[in-house]
Amino acid sequence: MPAERRYRSAKQRRDPAPAVADPAAGECKRFGRHYTPPALARFLAHRVVSQAAPSQAGVLRVLDPACGNGELLLAAHTEATARFPGMRLVLTGYDLDAQAIVAARERAEAAGVAARWYAADFLAAGTRLTQGSFDAVITNPPYVRTQQLGGSTAHLLRRRFGLHGRIDLTHPFVATLPRLLAGGGVLGLLCANRFLTTKAGANIRDLLLSDLSPIELYDLGDTKLFAAAVLPAIIIARRADYRGGCRYISIYETAGRPTCALSLFDALVTQHPATVGHKGRVFAIEAGTLLTGAESRARGSAPPTARGRRSTRDRGTARSGGGASLPQWGWRMSHAAVDSWLARVEARTWRTFGEVARVRVGIKTTADRIFISDRWADADPCPEPELLRALLTHRELAPWRATCRPDLRVLYPYDPAHARPTPIDFADFPAAAAYLSANKEALAGRRYLIDSGRAWFEIWVPQRPRLWREPKVVFPDISDRPRFALDRSGAVVNGDCYWISLPELSRVPVDALRLAYLLMGVANSSFGVRFYDVSCGNRLYSHRRRWTTEYVSRMPLPDPTLPRSAAVIDLVRELIEHHPPDRAALGELDRLVESAFGVP
Ligand SMILES: C[S@@+](CC[C@H](N)C(=O)[O-])C[C@H]1O[C@@H](n2cnc3c(N)ncnc32)[C@H](O)[C@@H]1O
C-alpha cells in the first residue's frame with residue numbers, strides 16, 4: 001500500500017472519499033469531515049494570528065494539515081493581512097480529499113489569495129516535512145473514533161505516533177504538529193472538549209505539554225457553534241517549554257436555547273467573566289487559568305503512597321500523608337473560589353467512589369428489537385418466563401428508589417446461578433430456543449460476537465448473571481441531575497445506565513448498605529453536582545451530564561464512621577423508605593453533605 005494511503009481508516013479504504021459540498025452525516029463521521037463554521041474559523045484565526053510572530057525573513061508561514069475547503073486558511077489570511085500589513089504570507093493546506101482541495105483552490109483564487117494546496121494524507125506527508133517549517137498551524141483535525149478507524153489502523157497509529165489507549169484520528173494529527181513549528185511558533189487547535197477530562201484525552205494533553213506551552217484555552221461548551229455532535233474547545237499553544245499561566249475561558253448556556261454568533265466571541269474575549277445574553281439566550285462565561293494534572297499534584301501535600309496509583313504525566317492520584325486526596329484526572333479551570341472549595345473537600349475525603357465500588361455499565365444486547373419487549377405475550381413462541389427478566393432503563397430511574405415497569409422484560413439467555421456468563425442450554429428452554437432460532441439470521445449476522453468466540457444467541461455485554469439478584473445502586477448514563485436509585489427487585493440493568501452491586505462494595509470494612517446510602521446521598525446532592533462540574537465538567541447539550549464509570553469513580557466520600565456521615569446515611573434511608581421525598585428533606589440532605597465535607 002503506498003505511504004499516502006497507509007493511515008486511512010478501514011472504512012476510508014473501503015469507500016473512496018465522496019463529494020465535498022454538503023457531505024452527508026455518515027460520510028462526515030467516517031472521514032472526520034465536520035467543517036468549521038465561518039464565525040468559529042474567524043475566532044480561531046484571530047487568536048492564532050494575535051499570538052503569532054513572522055519569521056526573521058519577514059514571512060508568516062501558516063499550515064492547515066487537514067484544510068477541507070480552506071476555511072481556516074482563508075480566515076488566517078484575513079486576520080494576518082489586517083495585523084501585519086505588507087507581510088508576505090505563505091499558506092499551505094493538505095487534505096486527503098482531492099475534491100476538497102479543488103474547492104479550496106477555487107475559493108482562494110476567487111478571493112485573490114495565494115496558497116499551496118496538496119491532496120495527500122498528512123499523516124504520511126507531514127512526517128516528511130522539515131522540522132520548524134511553519135510559524136503557525138491552524139487546524140480542525142479529523143475526529144474519527146477507534147470504532148470507525150478499525151482496530152488494526154488504530155494499533156498502527158498508536159505504534160507509529162507513540163500514543164496510548166483509546167485513540168481517535170485527532171491524536172496522531174496533533175502528534176505530527178509540534179515538530180513542524182518553528183521555535184515560538186503557534187498552534188491553534190479546534191477539537192472536541194472531551195480531551196480535557198477523559199482518560200482517552202491523555203494523549204492530547206501530554207502532546208500539548210511535551211513540546212508546547214498552552215497559552216489560551218476556550219471550552220466552548222454547549223454554544224452549538226460547531227455542527228458536529230461533539231462540544232468544541234480551542235487551544236492556542238506556543239512551541240516553547242510549558243511555564244503555566246494559560247488563560248482558560250469556558251462558556252456554557254445557562255437558560256434557553258444556544259446560538260451561533262460572532263458577537264458571543266467578542267463578549268467572550270472582552271467581558272469575561274460574565275453572563276452574556278444574545279437574542280434572549282444567556283451564556284455564562286467563566287475565566288480562570290489552566291490547571292494540569294501535574295500542577296494539581298504539585299499542589300498536593302505529599303507524593304503518592306504505595307497504595308496510590310502512580311500517574312503518567314498528568315494522570316493518577318495524589319495522596320496526602322494522613323487521609324486521601326482526590327484523584328486529579330485531566331485538566332480543569334483554576335480560580336480562587338473553586339480551588340479553595342476543592343481543597344476543603346479534599347481535606348475531608350476518605351475514599352473516592354472508585355476506591356470502594358466497582359462501577360459497571362448495564363447490558364448491551366446489540367439487538368434490542370429481538371431481546372427487549374413490553375409485549376412478550378404476543379411473541380410466538382414466547383420464551384420461558386424465567387428467562388424474561390425485569391429491565392431497568394434510564395426512563396424508570398428517579399433518585400432514591402428504582403421502580404421497574406411491570407411489562408418491560410429482557411430475554412436474558414444466561415444461567416443466573418453463575419458468576420460468569422454461562423449461556424442457557426437450549427434443551428432446558430425449548431420455547432426460548434425456538435424464539436431465538438426464528439431470529440437466528442439477524443443474531444448470527446453480528447460477526448463481532450461470533451468472532452469473539454460467543455454463541456450466536458448471546459448478548460454483547462451480559463455482565464455478571466449472579467449479581468442481578470443482589471441489591472444495587474443504579475443511575476442513568478446521561479441526565480441533567482444525578483438520579484442514583486437503590487434497586488432491590490433483582491432487575492437487569494440496561495446499557496443506558498450504570499450500576500454498583502452492593503456485594504462489590506465490600507472492599508472496605510464498612511457495612512455495604514450504609515456505604516451505598518452514603519454514596520447515594522453524596523451523588524444526589526447539590527454538592528455532588530458541583531463536584532461533578534468542577535472535576536469532570538463533561539456537560540452535553542441542554543445541561544445534560546454523563547455519569548460514566550470514569551467520572552463517577554472520581555466522586556468523593558466522607559469518612560462513614562463520623563457523625564456527620566451517619567446523619568447523611570440516616571436521612572438517605574428515610575428518603576428511600578418514604579418515597580417520594582419532600583423538598584425540605586432534600587434541602588436538609590444538601591446541608592448535611594456540605595457539612596460532612598466542611599464546605600458551606
Ligand atoms: C474536521 S474537517 C476540517 C476541515 C477544515 N480544516 C475546516 O476546518 O473546515 C477534517 C478534514 O480532514 C480531512 N482528512 C481526514 N483524514 C485526513 C488525512 N489523513 N490527511 C489529511 N486530511 C485528512 C478530511 O477530508 C476533512 O476535510
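**Around the ligand and along helix α13**

In this predicted model, a polar side-chain atom of Thr-36 sits 2.5 Å from an oxygen atom of the ligand. That pair counts as a polar contact (two N or O atoms within 3.5 Å). Asp-95 does something similar, with a polar side-chain atom 2.6 Å from a ligand oxygen. Leu-96 joins in through its backbone: one of its N or O atoms is 3.1 Å from a nitrogen atom of the ligand. On its own the ligand has 590 Å² of accessible area, and the protein covers 99% of that (Shrake-Rupley method, 1.4 Å probe).

Before going on, a quick word on the ground rules. Numbering starts from 1 along each chain as its sequence is written, and side-chain values use heavy atoms, leaving out hydrogens and water. Because the model is predicted, local features need pLDDT of at least 70 and side-chain atom pairs need 80 or more, while totals for chains, interfaces and linings use all residues.

Now step back to the whole shell. There are 23 residues around the ligand, and Thr-36, Ala-66, Asp-95, Asp-121 and Phe-122 come nearest (a residue is near if one of its heavy atoms lies within 4 Å).

Next, look at helix α13, residues 336–347 (helices are DSSP runs of H or I, at least four residues, numbered from the N terminus). Its buried residues are Val-338, Asp-339, Trp-341, Leu-342 and Val-345 (buried means under 20% relative accessible area, exposed over 50%, with a 1.4 Å probe and protein chains only). They cover an arc of only 165° around the axis, so they lie on the same side of α13 (the arc uses directions from the helix axis to the C-beta atoms). The face turned away from that buried side carries the exposed Ala-336 and Ala-347.

Conventions
Polar contact = N/O pair within 3.5 Å; in protein donor to acceptor, adjacent residues only side chain to side chain. Helix = DSSP H or I, 4+ residues; strand = E, 2+ residues; numbered from the N terminus.
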